[in-house]
Amino acid sequence: MAASTSTQPGADAQTHAKSPDVVVTELPKLDIDLYIQNYVGRTRYERLLLIGKCCVPLRVDALKAAVIEAKSGSDVTRYKDAWQLLRSVAPDEPEAQRDEEWIERTELANRTETARLETELKGYKNNLIKESIRMGHEDLGKHFERIGKLSEAADAYNKMRHDVSTTKHIFDCGMHLASIAFQRRDWATVLSNVGKISNIQSGDDEQAQQQAYTKVASGVALLGLGNYYDAAVTLLHTNPNVSPTEYNTVASPNDVAVYGGLLALATMDRVALQNRVLDNQSFRAFLEHEPHIRKAISLFVNGRYSNCLSILESSRADYLLDIYLQPHIPTIYSMIREKCIVQYFIPFSCVTLDCLDAAFGGPNRSVEPELIKMIRDGSLRARIDAKNKLLVAISPDPRLVVQTNALAVARKYEQEAKERLRRMNIVVAGLETSNTRKQPSGGVGGPEPEEAWYEDSGNIPPATDQAGEVDIDET
């Protein structure tokens, strides 16, 4: 049972340093040192800080590592956030002592570097050299990104776009803007920038490297937007032969396996899981990093649903410490669990609630409330016999299905017939606005007098009265 706890960051702590909504009290399987080695850039700090905020057993170690990671860079705000959290949970640690000298030295160095880069860029603009101007904007954007000024960094990268001249420059610019959007959790902007660079034509090696980055970045962004199926399909097409250094600013090969496997398990049926995941030789290379995900998918495909859920539950604590998965774990696990219950029930006309509790319940936990919710949502076509403690399948009435389909076809036919007759009236009245209107007979280059304006309707034109209107009886 997860205990509720909170931290009290100082007034200068930013939004991402607020008290966590998720608290993990059980010891996860991950080793912080080995885990964090898979990443480079700002994501290292963000992942350490999230573990420090959410995981009680690893809190102190993660926050100490976050403080060290922040001091290895130039972002003073990141250091203050990590220091505030560490001071609140372990004030006696050496890293919990505020390093005022480092703060002053870093802030002075940041101001000096900003002034130097802005002066250089101004000189490049006076010389009107496009490549120098592009490099000046890129250097300034990287500097602002390092010190945590994301808005200024985005402005610099956007100005860099006007002076790009090669496909490599275009790709780099898109990656920079996507990196800023990742840190802001602006998933729509991530997809927009990744989409602009995904179709860039380059050499085979560069193309493969770009494809790996765009697939991983797009998959994570779609996950952030809640488009689980599209995210799964995108991640399943990631090239496994590309070095992880091409996308380790976003995710690792282990993350690709976990994200793609969980999302596929939540959104695809058993046939699709077999064909698109287990038999997918490219994605199997990623699954080798996370064999328990492959085993869970295999168990689901083979109908061993309770074992599949047990494996996933054993790794829930680790997934709750992932910066991209954490907000979606309750929804993803709920979707997988509902799929397991539905698939388990399909072969039977009725099942006792005791059997369902044994398969999907837990200690002192009944699955009946969950069944009620699924029945109300329409995901489970069944009813509960409370007296006999049974879940009974609802068989559709074949006669009702046929009658419903027949009425739907009749209504569609009636609507199409009225639309065709209305079009005839419009053409006969001379109100048609297409370029094939009838020209006066004898006109040069005009259409033939027998212009078949009625061919779209597939019928012979009805007879008209003296006023030229069609006599329609819609009854």
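L235 counts as buried, because its relative accessibility is 1%; here buried means under 20% relative accessible area, exposed means over 50%, and partly exposed falls in between, with a 1.4 Å probe and protein chains only. This is a predicted model, in which local features need pLDDT of at least 70 and side-chain atom pairs count only at pLDDT 80 or more, while totals for chains, interfaces and linings use all residues. Residues are numbered from 1 along each chain as its sequence is written, and side-chain values use heavy atoms, with hydrogens and water left out.

L235 belongs to helix 11 (residues 228-236). Helices (H or I, at least four residues) and strands (E, at least two) are DSSP runs, numbered from the N terminus. Apart from residues up to four places away in sequence, L235 touches K215, V216, G219, V256, Y259, G260, L263 and F283, where contact means heavy atoms within 4.5 Å. One of these partners, K215, is 20 residues apart from L235 along the chain, and the C-alpha atoms of the two are separated by 6.0 Å.

A little further along comes H237, which sits in the loop between helix 11 and helix 12 (253-267). With 46% relative accessibility, H237 counts as partly exposed. Once residues up to four places away in sequence are set aside, H237 touches Q211 and K215. The C-alpha atoms of H237 and Q211 are separated by 9.3 Å, and the two residues are 26 apart along the chain. K215 is thus a contact of L235 and of H237.

It helps to step back to the whole chain. The protein has 475 residues, of which 41% count as buried, and its secondary structure comes to 21 helices and three strands. Among contacts with a separation of 6 or more, 62% are between residues 24 or more positions apart. The protein exposes about 25800 Å², and carbon and sulfur atoms supply 50% of that area; accessible areas come from the Shrake-Rupley method with a 1.4 Å probe, and for residues only the protein chains shown count as cover.

Helix 3 (residues 59-71) makes a good example of a helix to look at in detail. Its 13 residues, at 1.5 Å a residue, should span 18 Å, and its end C-alpha atoms are 18 Å apart, which agrees; the expected span is 1.5 Å times one less than the number of residues. The buried residues of helix 3 are R59, A62, L63, A66, V67, E69 and A70. Seen down the axis, these buried residues fall within an arc of 165 degrees, so they line one face of helix 3; the arc is that of the directions from the helix axis to the C-beta atoms. They pack against helix 1 (32-36), helix 2 (42-54), helix 4 (76-89) and helix 5 (100-127).

Helix 2 also holds T43, which counts as buried at 4% relative accessibility. Leaving aside neighbours within four places in sequence, the contacts of T43 are N248, T249, V250, I323 and Y324.

The three strands form an open sheet in the order 1-3-2, with antiparallel pairing; two strands pair if DSSP finds at least two bridges between them. Strand 1 (350-352) and strand 2 (382-385) are the edge strands, each pairing on one side only. On average, neighbouring strands of the sheet are turned by 20 degrees against each other, direction ignored. Strand 1 is joined to strand 3 (residues 390-393) by three bridges. Here C350 stands opposite V392, and V351 has L391 as its bridge partner.

Strand 2 and strand 3 pair over four bridges, again in the antiparallel sense. In this pairing, D385 stands opposite L390, while I384 has L391 as its bridge partner. The hairpin of strand 2 and strand 3 has four residues between the strands, and K389 takes a positive phi near 55 degrees in this hairpin. Helix 20 (residues 368-377) lies across strand 2 and strand 3, running at about 140 degrees to strand 2. For such angles, axes are lines fitted to C-alpha atoms, for helices over the stretch in contact, and angles run from 0 to 180 degrees between N-to-C directions.
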